[in-house]
Amino acid sequence: MARNEEGTIADVIRAVMPHASETLVVDGHSTDRTREIAESLGVRVVLDGGRGKGDGIRTAIAAATGEVLVFIDSDCSHDPADIPALVAPLLAGEAEMVVGSRWTGGSDELGGDFGKFVRSTGSAIITLAINYRWGAQLTDTQNGFRAVSIPAARQVRLTEDIFTIEQEMIMKFLKYGFRVAERPTHEHRRREGNSQIVVWKVAHRYCWCLIRNLLR
Ligand SMILES: Nc1nc2c(ncn2[C@@H]2O[C@H](COP(=O)(O)OP(=O)(O)OP(=O)(O)O)[C@@H](O)[C@H]2O)c(=O)[nH]1
Ligand SMILES: [Mg+2]
């Protein structure tokens, strides 16, 4: 997933390639050199519909080939060396989704200022609600670093356009009876550029997405 990540995209692609049969860059209409750099490294680049990261995730699910798809950010927050651990339960037939957990693997970004406090508290409450509703034992329902079975991801119909797609994806997998597992992964601070999430502008969308999917 990449939107204006020209400073880090090349390093992420190079580190991901040894772990994947195909590396796919979903570009959210970057206005910098992100797309150009990705193409110069010989990987497939597709454009999302320009509606946000959720749109990018749906684009990836539609465009990916093979059986397993790993989502990874392009800001060097995630360690590609964790990919085999995320994929292993899928290949073993033990899960249809494996989420990297920052609660068990640690994060450089979960606290320290008011915005991060709101994000981590909100995220803990959402996780609690999801666990209660589906009898799950998850610790991180927001991390974008995760592996999914492509047939399963195509079966659940995802509709969220923004970052709320992470929790929507988990709720819909659970609703369909798919198994959602976790593995510890460490989240590093984004190396350059800015976060695309402004917490107070999107908080209500997280609440609505949660309530809608809990009730439905
Ligand atoms: N394809 C696509 N990718 C996006 C879009 N918005 C963000 N991304 C990418 O999704 C990943 C996660 O976005 P970030 O802005 O890093 O969100 P975050 O990790 O919660 O925020 P930070 O902790 O500040 O890094 C990054 O690699 C972004 O480049 C989009 O609209 N389309
Ligand atoms: Mg990030």
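**Notes on helix packing and pockets**

1. α6 and α8 are roughly parallel to each other, because their axes cross at roughly 5 degrees and anything under 35 degrees counts as roughly parallel. The two axes come within 11 Å. On the α6 side the contact uses Ile126, Ile130 and Trp134, while α8 brings in Gln167, Ile170, Met171, Leu174 and Lys175. Sorted by class, that contact has six nonpolar residues, one polar and one charged. Bear in mind throughout that this is a predicted model.

2. Next, the other partner of α6. The axes of α6 and α9 sit 11 Å apart, at an angle of about 0 degrees, and that makes α6 roughly parallel to α9. From α6 the contact takes Gly115, Val118, Arg119, Ile126, Ala129, Ile130, Arg133 and Trp134. Facing them from α9 are Val199, Tyr206, Leu210, Asn213 and Leu214. Here the split is nine nonpolar, two polar and two charged. If you're clicking through the model, note that Ile126, Ile130 and Trp134 are among the α6 residues listed for α9, and they're also the ones α6 puts against α8.

3. α3 and α8 make another helix pair to look at. The axes of α3 (residues 53–63) and α8 (residues 165–175) come within 9 Å and cross at roughly 50 degrees, so these two helices are oblique to each other. Lys53, Gly54, Ile57 and Arg58 are what α3 contributes, and they meet Ile165, Glu166 and Met169 of α8. By class, the residues in this contact come out as three nonpolar, one polar and three charged.

4. On to the pockets. The largest pocket has a volume of about 1400 Å³. Which residues are closest to its centre? Out of 49 lining residues, they are Arg119, Phe163, Ser195, Ile197 and Tyr206. Two of those names should ring a bell: Arg119 of α6 and Tyr206 of α9 also take part in the contact between those helices. The elements giving two or more residues to this lining are α6 (114–134) and α9 (199–215). The largest share is from α6, with nine residues. In terms of class, the lining is a mix of 17 nonpolar, 16 polar and 16 charged residues.

5. The second largest pocket has a volume of about 550 Å³. It's lined by 28 residues, and Ala20, Glu22, Thr23, Leu69 and Val70 lie nearest its centre. Which elements each supply at least two residues of this lining? Two helices and two strands do: α1 (9–16) and α4 (83–91), plus β1 (24–27) and β3 (68–71). As for class, count 21 nonpolar residues, six polar and one charged in the lining.

6. Last, the charged pairs. How many salt bridges does the structure hold? There are 18. One to pull up is the pairing of the Asp11 and Arg14 side chains, with an N to O distance of 3.7 Å. Both residues belong to helix α1, and they are three residues apart, about one turn of the helix. That's the α1 that also supplies at least two residues to the lining of the second largest pocket.

Conventions: Residues numbered from 1 in each chain as written. Chains lettered and ligands numbered in written order. Predicted model: local features only at pLDDT ≥ 70, side-chain atom pairs only at ≥ 80, totals over all residues. Heavy atoms only, no water. Axes fitted to C-alpha atoms, helices over the stretch in contact; angles between N-to-C directions. Helix = DSSP H or I, 4+ residues; strand = E, 2+ residues; numbered from the N terminus. Parallel < 35°, antiparallel > 145°, perpendicular 65-115°, else oblique. Contact = heavy atoms within 4.5 Å. Nonpolar A, V, L, I, M, F, W, Y, C, P; charged D, E, K, R; others polar. 1 Å grid on protein atoms, 1.4 Å probe; cavity = no way out; pocket = protein on both sides within 12 Å on 5 of 7 lines; lining within 4 Å. Points joined across faces, edges and corners; volume = space filled by probe spheres on them. Salt bridge = Lys/Arg side-chain N within 4 Å of Asp/Glu carboxyl O.
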